Amino acid sequence: MEIKKKTIWMVYPYGPVHGEKGKACRYTQFGNELANNGYSVVWWTANFSHGDKVFRSDDWKDIQVSESFVTRLVPTKAYKNNISLRRIAFEKAFSYNLNKGFLKNKKPDLIITAGTGMFNAFRPCWPYAKKNNIPIIYDIMDISLIDTYMREHHKLLAPLAKVAMLFERKREHGFFKGISGICALGKNQLEYAKHRAFGRDIPTSLVYNGIEVERLRSMKDSNEWSKLVPNKDKGWRWCVFAGSLGPSYDIETIIKCAKICEEKEEKVLFIIAGNGPQAELVKEASKKCTNIVFLGQIELTTLFSIYRHCDIGLCAFASYSTVDMPDKFYDYCAAGLASVNSLNGEVKEYIEKNSLGMQYIAGDPNSMYRSIHGLNGDKLDECKQNAYEIGGQFDIVVQVEKLSQMVEIILS
């Protein structure tokens, strides 16, 4: 008699889906791993792309990633600015339609739901899981930053934001009392979630957003990379930033630092790749500064080809960011790049402990300049070598296996 596959639902409205440009999303990686281990997997995500700000479909749509893995697009609303009332409306619409979708489908054996600085992971997932006695894994990727963002940018609204966050955390109590496991993107987020879960003895796992390290290292340079950047002359150092060009990143500081380097006639080139609300700002800066190259959104193979010829990767985040271990750090290590970093979380510990680069103060272009200037000669070579050696730890195969092991424990 054929044994019926157990079904796992994953819920997260962000990240590129199968077939889109860029590195595979955390949930595509999770879905492939779980499907390969014999589960039937559905990833419920938004039909509106957070990265490209375009609709993927007019309504509900299923994308068949593999025989046992489906990405299900849930109808949502559009937004332009990442922190805005329209973004809140997007998430409300996602939650509302997600609940309708849940009720039309046969209940799963397990739910994995994510939480970030914006997305409310607790509705409708938690009430549905509780009502149907379904185990739920909380995947924490960020600690809410709304109150800290408001304190930084809208001081008059900061007290209101603080009250809203206190109310939200009170609503979460039932969720944290009932979750069956915790998966986290970084060490500090894992500790935060374990504390919120009242110290209960439940399975936990630290799962970094790894990449296909060996595949990327072994592939040949794409034919496109050399068309996008100038020839690298002797004595030049290339700095690269790749990712979302949104308000959570220190994009203006990179631009101002490039201007300082240009004025001081430093042989430093800044390569910026990605898309987002600040893309136009970067594009205009690249017309005025001869040492800024703006690539827009490019294929991962092309990007990694460019990485091979770079020296420094910029982990440039806004001062209020609570990110613990950014995706770009894994990419930089895989490519053997030194890091110039503004974050104070786990990534700072990695960089300092393993001599992988230098720290700078977010929002301070002179601080970034000093860090880049200090990464030169033997110091730069040492950091690049150390980064390459540590990069293998972040291979996606190593990382997603941790999730599979936790799922097996919970469903056994």
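Here is a friendly exchange about aromatic rings and nearby charges in this predicted model.

Reader: How many aromatic pairs does the structure hold?

Author: The structure holds 31 aromatic pairs. One of them joins Y138 and F175.

Reader: What makes Y138 and F175 an edge-to-face pair?

Author: Their ring centres lie 5.2 Å apart, and the cut-off for a pair is 6.5 Å. The planes stand at 85° to each other; over 60 degrees counts as edge-to-face, so both conditions are met.

Reader: Why can this pair be said to tie together parts of the chain?

Author: Y138 belongs to strand β6 (residues 136-140) and F175 to helix α6 (residues 173-178), so the pair links parts that are 37 residues apart in sequence.

Reader: Why are Y138 and F175 called buried?

Author: Buried means under 20% relative accessible area. Y138 has 5% and F175 has 0%, so both fit the term.

Reader: What makes F304 and Y307 an edge-to-face pair?

Author: Here the centres are 5.8 Å apart, with 75° between the planes. Pairing asks for centres within 6.5 Å and edge-to-face for over 60 degrees, so the name fits. These two residues are 3 apart in helix α12 (residues 300-307), which puts about one helical turn between them.

Reader: How do you know whether F304 is buried or exposed?

Author: F304 has 2% relative accessibility, and the limit for buried is under 20%, so F304 is buried.

Reader: Why is the charged end of R217 said to sit over the ring of Y388?

Author: The charged end of R217 is 3.7 Å from the ring centre of Y388. The definition asks for a distance within 6 Å and a position within 35 degrees of the ring normal, and this contact counts as sitting over the ring.

Note on methods: Residues numbered from 1 in each chain as written. Predicted model: local features only at pLDDT ≥ 70, side-chain atom pairs only at ≥ 80, totals over all residues. Heavy atoms only, no water. Phe/Tyr/Trp six-rings, centres within 6.5 Å; stacked < 30°, edge-to-face > 60°. Helix = DSSP H or I, 4+ residues; strand = E, 2+ residues; numbered from the N terminus. Buried < 20%, exposed > 50% of the residue type's maximum accessible area, 1.4 Å probe, protein only.
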